[in-house]
Amino acid sequence: MTWQVSIGSILIAILTSTQAFSESELRPQPAIRDDSRPAVDVELVIAVDVSYSVEPDDLAAQREGYAKAIVSEEFLRALRAGRIGKIALTYFEWSSTKDQKIIVPWRQIDGPEAAEAVAAEIIKSPIRRGSRTSISSAIKFAVPLFEQNPYRGSRRVIDISGDGPNNTGDPVATARDMALQQGIIITGLPVMINATPAGSRDVNHIDHIDWYYEDCVIGGSSSFVVPITDREHLKEAIRTKLPLEVAGHTPERLPAPSAEAKPRVLCTIGEKLWQQRWDTNGPAMSSPAAKVPVANSPANQDDVPKKEDALLARKIKGICRGC
């Protein structure tokens, strides 16, 4: 289900934020290692997909979108509305199982000056790209970052973006559930700009990536997705999403996800498409106990030398759109 929410409605929500939280949303998360750390309202990890399926223009727009959102009046208003008026934020980019790079380490944002400094850090880093899509590895990389954070928040949130399903590494639902068990909230920014046209096949993109994120990626008491359906609204969607995360709100008219509901999209669809493309059987499509890698399998591409990885990337560039 897709939805649209105006900036005005966010401002109204932020103004009433201190009364809108449920008891569970305000409850401190477990396993914080050092309660003597300076307190903030929320610890926010931003995890951005930079795999080859994302067009270069979209990569640049994502960077600019997050930088502009952090200095926007909506974001700063949400910041001021918090009980402490401060947040901690870190920003990293990811693609395959072993490709995660921190662009902005943990920073405290307590006003416009700090926000502008973080935005500048995001913008100045060179645009990078990587092969494959491992949402599960991005989540697994994000979780320990909270333990390394020099600040302590009552909420811990992973904001994860992506334009395709998990196709390597552990099953995404396994990584999600591991994070949720630690009291971490996961929100999603599914990018549908390059959605697969009806009747076509693409190992990198699927129909309803928004449903996939809702059913297989996000979770927690105030989790939600903001789908991006066209390039023109990419920056606006990011500007919409960040204040909601800071304020601890979900968009209006968003139905509460049911843990009992069957996923509308197969949570291993990415692995299945990749394996069908190469006629292999990787561990993500078998039982969780199956840990033996298939020799020379694309599902275990992170274990082969970089030269072979590059050759494979060139090979598939002429086969699948967006590689």
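The largest nonpolar core of this predicted model has 39 residues. Within this core, Y66, I70, I109 and L242 have the most contacts. Many elements feed it. Strands β1 (39–49), β2 (87–94), β3 (100–109) and β5 (185–190) each supply at least two residues. So do helices α4, α5 (73–81), α6 (112–124) and α10. The largest share comes from α10, with 7 residues.

Take Y66 as a way in. Leaving aside neighbours within four places in sequence, Y66 is in contact with I46, V48, Y91 and I122. Its other contacts of this kind are D159, S161, L189, I238 and L242. L242 is itself among the core residues with the most contacts. Another core lies apart from this one. That second core has 35 residues, among them I135, V143, I206 and V225.

Now turn to R63. This residue lies in helix α4, which spans residues 56–70. Is R63 buried or exposed? R63 has a relative accessible area of 3%. Buried means under 20%, so R63 counts as buried. A polar atom of the R63 side chain lies 3.0 Å from the backbone oxygen of P126. R63 also touches P126 in the wider list of contacts, which does not count residues up to four places away in sequence. The rest of that list is Y91, E93, I103, I122, I123, S125 and I127. Y91 and I122 are contacts of Y66 as well.

S154 offers another buried site. It sits in strand β4, residues 152–162. Its relative accessible area is 19%, so S154 is buried. The cut-off is 20%. A polar atom of the S154 side chain lies 3.3 Å from the backbone oxygen of D41. V42 is 112 residues away from S154 along the chain. Yet the C-alpha atoms of S154 and V42 are separated by 6.0 Å.

Helix α9 comes next, at residues 209–217. Of its 9 residues, 8 are buried, so the helix is largely enclosed by the rest of the structure. The buried ones are I209, D210, Y212, Y213, E214, D215, C216 and V217.

C216 leads to a further feature. The structure holds 1 disulfide. It joins C216 to C267, with the sulfur atoms 2.1 Å apart. Which parts of the chain does this pair link? C216 belongs to helix α9, while C267 lies in the loop between α10 (234–247) and α11 (269–278). The two are 51 residues apart, in distant parts of the chain. The link is left-handed, with -85° about the S-S bond. Both C216 and C267 are buried.

Notes. Residues numbered from 1 in each chain as written. Predicted model: local features only at pLDDT ≥ 70, side-chain atom pairs only at ≥ 80, totals over all residues. Heavy atoms only, no water. Buried < 20%, exposed > 50% of the residue type's maximum accessible area, 1.4 Å probe, protein only. Helix = DSSP H or I, 4+ residues; strand = E, 2+ residues; numbered from the N terminus. Disulfide = S-S within 2.5 Å. Polar contact = N/O pair within 3.5 Å; in protein donor to acceptor, adjacent residues only side chain to side chain. Contact = heavy atoms within 4.5 Å. Core = buried A, V, L, I, M, F, W, Y, C linked by side-chain atoms within 4.5 Å.
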